[in-house]
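Hi,

Here is the structure I promised to pass on to you. Have a look at it first, and then read on for what turned up in it.

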Amino acid sequence: MYIYLSIAEMAANVFLILGLGAGIGVMSGIFGVGGGFLMTPLLIFLGVPSAVAVATGANQIVGSSVSGVMAHWRRGNIDFKMGFVLLVGGFFGSTGGVFLFKYLQSLGQIDFVIKVCYVVFLGIIGGLMMVESLRTIFRSRVKGARVSRGKLHQHNWLHGLPFKMRFRKSKLYISAILPLGVGAAVGVLSAIMGVGGGFIMVPAMIYLLGMPTIVVIGTSLFQIIFVTANATIFQATLTQTVDVELALLLLLGGVIGAQLGTKIGAKLNGEQLRGLLAAMVLAVSIKLLFDLVIEPADVYSIRVLSKPF
Amino acid sequence: MRAILFLLITASLALAGGAARAVPLIADIDRHLVAITTDFTGSELLIFGSIDLEDEDDAEIVVVVFGPNEEVVVRRKDRVAGMWINQAAMTFSRVPAFYHAATSNPEGVTLPATARARHQIGTDNIRMRGPEDAPEDSVEVFKEALLRNKIAIGHYVSDRGLIERRGKLFRTSVAIPSNVPVGTYTVETLLIANRQIIGAQTTPLFVSKVGVGAQIYRFAHVEPLIFGIVAVLIAVAAGLGANYMFRKV
């Protein structure tokens, strides 16, 4: 069964889109990530124009994050104060990101920048995760290995910055500039890459801000809702590339898949799971790297600037 | 079904033509509106007609379909620091968004080159406005790349011998892919005999979005801010709904 997507201006197989949503939903349920970093490249691979894939990806993440944040809210695992500071930064970042997107699009460099962002960020994060999970798997096999319990977090020059704020839930007393900056940086990326940015936000919160792991996912989901909502509204206003029909189909498949994934994830070994996710993230980044360095079949490409109305 | 329709209409055209004997060429499309609805996956048009000549066997028929004009930028990737990055770019305006040419002669149209160029027969003869300040040979290279890309996505088609003929009657089908732009298309039918055009007919064809999809598209372009807010609200509602549903289970 095919459906004509009126914003993407193409016919797409309904079951393929539902399946894509469900597959990424299963993955996000298992690993606890949004899956936007796989959604956007896969949509582009299916023939959806990259601008539509990015804008629609942001819209879809609004829905999946709302669905995901509820469970964390009930358990009280959201640091709202930290969330608000992050999202103030995120608003500026994602708004600037949409303008940057439009500017790069006019230069014809948007596809290149999207791919480089993916290669760099997925490569770094996939690599780090892989190293860490391999190390843990190896360590758990060595008998009697001691895991030393360190301080809550390290103090460095970042803690000398002004405008200190107290975040009770996260047990932190740090400069507001830090979460503002993290929020802004992730906001820019979410607008350009069409992702929620959870996969960058979560490590940044743990390692850079020093937040306790328990509140990290809930807080990151909480602020992702607002940042992606902002990106969606700006993309709709500036580029008219938000395809609501496509987003709804992806959400429909996604929420069902996520429920399934949560159940599968509960039965699997955590460290192996992390290794698996790392392998997947690395595979996507290597594939995109190849796209950049291998000579394309046709070095010329076309883009329609003004559509007849 | 369509074949019967075709036979009926062409038969009546042939009869009418025989009675009047004034117009050598009569052509029409099976419909003048291609409606892009939610279940649109592309469409096939039937262009048919009849010719009225003393020796119709020597006559050739050419059908050319043009889409509305658009502005297209062509970019060339070059290797920079090991990566392929868009470098040179050229913008062409008045580029037909869609082009389809069909001829009845498998050996090619017997018209002289100037006439073929004038009537834009064959993808090489498609007219568009390139940049005026750029050197002509590089414009030519970029134009060729544009044609190549358009052919690859199925928006430009040029085929010989695609027009079926049965005596005075002829017919051909034009495939409209699902990703064509909306707008007013023109269908030009030419009748050629002795290397000369002796009859021509132009018929308009409308391609437009219809129904829910059309309203969504219009909403997104007329009220983009409200559209964005609605898109967010729909996503939020879907997320809350999913959460509510699965909590009960």
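**Two hairpins, one in each chain**

In chain A, R166(A) stands opposite Y173(A), a residue of β4(A). Before going further, please keep in mind that this is a predicted model. The two strands behind that pair are β3 (residues 164-167) and β4 (residues 172-175) of chain A, which pair in the antiparallel sense over 4 bridges. Together β3(A) and β4(A) form a hairpin with 4 residues between them. In its turn, K171(A) has a positive phi of about 55 degrees.

Chain B has a hairpin too, built from β5(B) and β6(B) with 2 residues between them. Here A81(B) is the turn residue with a positive phi, about 50 degrees. Strand β5 (residues 69-80) and strand β6 (residues 83-96) of chain B are antiparallel and share 10 bridges. One pair to look for is E70(B), which stands opposite V95(B) in β6(B).

**The sheets of chain B**

As a whole, chain B has 5 helices and 12 strands. Of its 249 residues, 32% count as buried. Among the contacts in chain B with a separation of 6 or more, 73% are between residues 24 or more positions apart.

One open sheet has 6 strands in the order β2-β12-β11-β4-β7-β8 (chain B), and its pairing is mixed. Which strands stand at the edges of this sheet? They are β2 (33-36) and β8 (156-159) of chain B; each has a single partner strand, so one side of each is left without a neighbour in the sheet. On average, neighbouring strands of this sheet are turned by 15 degrees against each other, direction ignored. At the β8(B) edge, strand β7 (residues 99-103) of chain B pairs with β8(B) in the parallel sense over 4 bridges. There you can find A101(B) opposite S158(B).

Another open sheet has 4 strands, in the order β1-β3-β10-β9 (chain B), with antiparallel pairing. Its edges are β1 (25-29) and β9 (164-166) of chain B, each with a single partner strand, so one side of each has no neighbour in the sheet. Here the average turn between neighbouring strands is 20 degrees, direction ignored. Inside this order, strand β3 (residues 43-51) and strand β10 (residues 169-176) of chain B run antiparallel and are joined by 8 bridges. In one of these bridges, S43(B) has I176(B) as its partner.

**Helix packing in chain A**

Two packed helices are described by the angle between their axes and the distance between the axes.

Take helix α4 (residues 80-107) of chain A and α8(A): their axes come within 9 Å and cross at roughly 30 degrees. That angle makes α4(A) roughly parallel to α8(A). Their crossing is right-handed. On the α4(A) side the contact includes M82(A), L86(A), F91(A) and K102(A), and on the α8(A) side it includes F222(A), F226(A), N230(A) and L238(A). By class, the residues of this contact divide into 11 nonpolar, 9 polar and 1 charged.

Helix α2 (residues 36-45) of chain A packs against α3(A) at an angle of about 145 degrees, with the axes 9 Å apart. This crossing is right-handed as well. In α2(A), G36(A), M39(A), T40(A), L43(A) and I44(A) meet residues of α3(A) that include S50(A), V54(A) and I61(A). The contact has 6 nonpolar and 5 polar residues, and no charged ones.

A single residue to look at is L260(A), in helix α9 of chain A. Is L260(A) buried, exposed or partly exposed? It counts as partly exposed, because it has 14 C-beta neighbours inside 10 Å. Not counting residues up to four places away in sequence, L260(A) touches V26(A) and G29(A).

**Where the chains meet**

Finally, 48 residues of chain A are in contact with 56 residues of chain B. On chain A, the elements that each supply at least two residues to this side include β1 (2-5), α3 (50-74), α9 (244-267) and β5 (300-306). The largest share, 8 residues, comes from α3(A). The residues on the side of chain A that touches chain B divide into 28 nonpolar, 14 polar and 6 charged.

Enjoy exploring, and best wishes!

Note on methods: Residues numbered from 1 in each chain as written. Chains lettered and ligands numbered in written order. Predicted model: local features only at pLDDT ≥ 70, side-chain atom pairs only at ≥ 80, totals over all residues. Buried ≥ 20, exposed ≤ 12 C-beta atoms within 10 Å, placed from the backbone. Contact = placed C-beta atoms within 7 Å. Nonpolar A, V, L, I, M, F, W, Y, C, P; charged D, E, K, R; others polar. Axes fitted to C-alpha atoms, helices over the stretch in contact; angles between N-to-C directions. Parallel < 35°, antiparallel > 145°, perpendicular 65-115°, else oblique. Left-handed = near helix turned anticlockwise from the far one by under 90°. Pairing = 2+ DSSP bridges.
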